[in-house]
There are 2 protein chains.
Amino acid sequence: MPQSLKTAEIEKSTHQDYFNIAISVDCVIFGYENKDLKVLLIRSDLEEFEGLWSLLGDLIRPDEDIEDAPYRVLKERTGMTNVYLEQVYTFGSLDRHPSGRVITTAYFSLVDILHHQTASNNNELHWHPVSDIKDLAFDHKKILDTCIERLREKIMEQPIVFNLLPDKFSLRQLQDLYEAILGVELDRRNFRKRIMLKNWLVDMNEMEEDVPHRPGKLYKVKNIYKNKTLTATAKEILFAD
Amino acid sequence: MPQSLKTAEIEKSTHQDYFNIAISVDCVIFGYENKDLKVLLIRSDLEEFEGLWSLLGDLIRPDEDIEDAPYRVLKERTGMTNVYLEQVYTFGSLDRHPSGRVITTAYFSLVDILHHQTASNNNELHWHPVSDIKDLAFDHKKILDTCIERLREKIMEQPIVFNLLPDKFSLRQLQDLYEAILGVELDRRNFRKRIMLKNWLVDMNEMEEDVPHRPGKLYKVKNIYKNKTLTATAKEILFAD
DNA sequence: GCAAAAGTGTTAATCTTACACCCATGC
DNA sequence: GCATGGGTGTAAGATTAACACTTTTGC
């Protein structure tokens, strides 16, 4: 950390340069619907990017922990709370924002589209299948690609995809979701074996209903993997060491 | 990205709050010496952290790409250029810096201690074995731990550890290095098989000299894996798409 | 009874781990 | 000649990949 902050503080009185960088967060909000991995976008309100969509983001407030900022953005823009969020990368090239110097930290979020649907019927917001997205405002396509890459790595090891599904789901739904994220087909028997070995799931002893074929068993994720609620500030209070 | 930047710009005239956050980079500079993974630290110059060591960092300049900042810090503080650097995580809790609100992006760097030794004989700088480090100024211990964790994951897949070694090295040296980073012992035969399968190395057809035992063969990493020179700006110029 | 998806096991191939002996050099 | 680390192969175990048939439901 800045050994030279003192120096900077002296300079601050003469020129405000060091404080002429704004910092924002951008949220890649993933959802899953109709066998597509989707991302929630908003119409860009900048002339430079007319007609393009952009990620949801906002400047970080001076009195706000960086980890709290993406929670606030999600809540303010979509009403969603209790979401899974993960920091991915910080983007700060000089020309990434046309209105000034803005460095942004990208987070991805996983939400259950159906459960949150009522909250997000703002007509400036729209769910786009990620495979349809060619270009976005700012450097948001690059941010999106970086987050998809991270998501793909992460779901192989960690029980996070359940945040994209309703509480109860069948193994078929889960496999379709993995296939949508990874962009590959998986063998059904091997997929089931691998998932069961991970020991992430609880058998609900219920079956699918109203399906035009043999119904599948329903599962939920174990409660210990459902720790998605806390903001950074809440975590610090609860788990202070 | 900030849909609300316009809003922020309006507020800027009334209160400078959004620009009262400074952003810095901190570099976890790893080296390898005497079978120890080491990190280059500087004595903290803040009263609050008297006696503690801290990472090398500096505020990002308003006219500087974020990816260039850690290169600049390394060059200014140690004279080192041509180093491997990787962004890891951005830390921004409210109280992490006693002098004000500073959000910092952590990078780790891998350097060959012997090759860079002449440049870093500044007596405020010191190489510390990471296993000896109990506490650091600011949240730098947490930053260090995060970077070590990332380094451990990364060396299993990517040919980056060679940046910590001289150009020519034996398989024994390489294995000792992996063991130092991972903190485990490895089986020699299995290690050699795995490394050779990766196909990262070129046999120099030379042998160690002046060793009090049977000399080992010397290897170097393939040239295609030695792309550590470019700054972000240079990359943009060369690889603009 | 037919369409559609659920459910299930075995085999081959690959990767990983454990392990021991002879060799080349300096002293 | 002895101490030190270099160099090498094989067998057992674990993991992964490929693959097909029967079952249950709605219509």
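Author: Contact means heavy atoms within 4.5 Å. This is a predicted model, in which local features need pLDDT of at least 70, side-chain atom pairs count only at pLDDT 80 or more, and totals for chains, interfaces and linings use all residues. Residues are numbered from 1 along each chain as its sequence is written, chains are lettered from A and ligands numbered from 1 in the order in which they are written, and side-chain values use heavy atoms, with hydrogens and water left out.

Reader: How many residues of chain A and chain B take part in the contact?

Author: Chain A contributes 55 residues and chain B contributes 55 residues.

Reader: What area is buried between chain A and chain B, and how is such an area defined?

Author: Buried area is the accessible area (1.4 Å probe) that two parts lose on being put together, summed over both. For chain A and chain B it is about 4,600 Å², with 55% given by carbon and sulfur atoms. The size of an interface is often given in this way, as the accessible area lost when the parts come together.

Reader: Which elements of chain A supply at least two residues of the side that touches chain B?

Author: They are α1 (5-14), β1 (22-33), β2 (36-43), β4 (56-59), β5 (84-91), β6 (102-110) and α4 (140-155) of chain A. Helices (H or I, at least four residues) and strands (E, at least two) are DSSP runs, numbered from the N terminus. By class, this side of chain A has 23 nonpolar, 15 polar and 17 charged residues. Ala, Val, Leu, Ile, Met, Phe, Trp, Tyr, Cys and Pro count as nonpolar, Asp, Glu, Lys and Arg as charged, and the others, Gly among them, as polar.

Reader: What polar contacts and salt bridges are counted between chain A and chain B?

Author: A polar contact is a pair of N or O atoms within 3.5 Å; within protein, one must be able to donate a hydrogen and the other to accept it, and residues adjacent in sequence count only if both atoms are side-chain atoms. By that rule, 13 residue pairs are in polar contact across the interface of chain A and chain B (both at pLDDT 80 or more). A salt bridge requires a side-chain nitrogen of Lys or Arg within 4 Å of a carboxyl oxygen of Asp or Glu, and the count between chain A and chain B is 0.

Reader: Why is H97(B) called buried or exposed?

Author: Buried means under 20% relative accessible area, exposed over 50%, and partly exposed in between (1.4 Å probe, protein chains only). H97(B) has 4% relative accessibility and therefore counts as buried. H97(B) is found in the loop between β5 (84-91) and β6 (102-110) of chain B, and its side chain reaches the backbone nitrogen of S99(B) at 3.0 Å.

Reader: What makes a residue near DNA strand C, and which residues are closest?

Author: A residue is near a molecule or strand if one of its heavy atoms lies within 4 Å of it. DNA strand C is surrounded by 19 residues, the closest being R172(A), R188(A), R192(A), K217(A) and R214(B). An N or O atom in the side chain of R172(A) is 3.0 Å from a phosphate oxygen of the strand, whereas a polar side-chain atom of R214(B) lies 3.2 Å from a base oxygen.

Reader: Which atoms of DNA strand D does K193(B) approach?

Author: An N or O atom in the side chain of K193(B) is 2.9 Å from a base oxygen of DNA strand D. A backbone N or O atom of K217(B) lies 2.8 Å from a phosphate oxygen of that strand.
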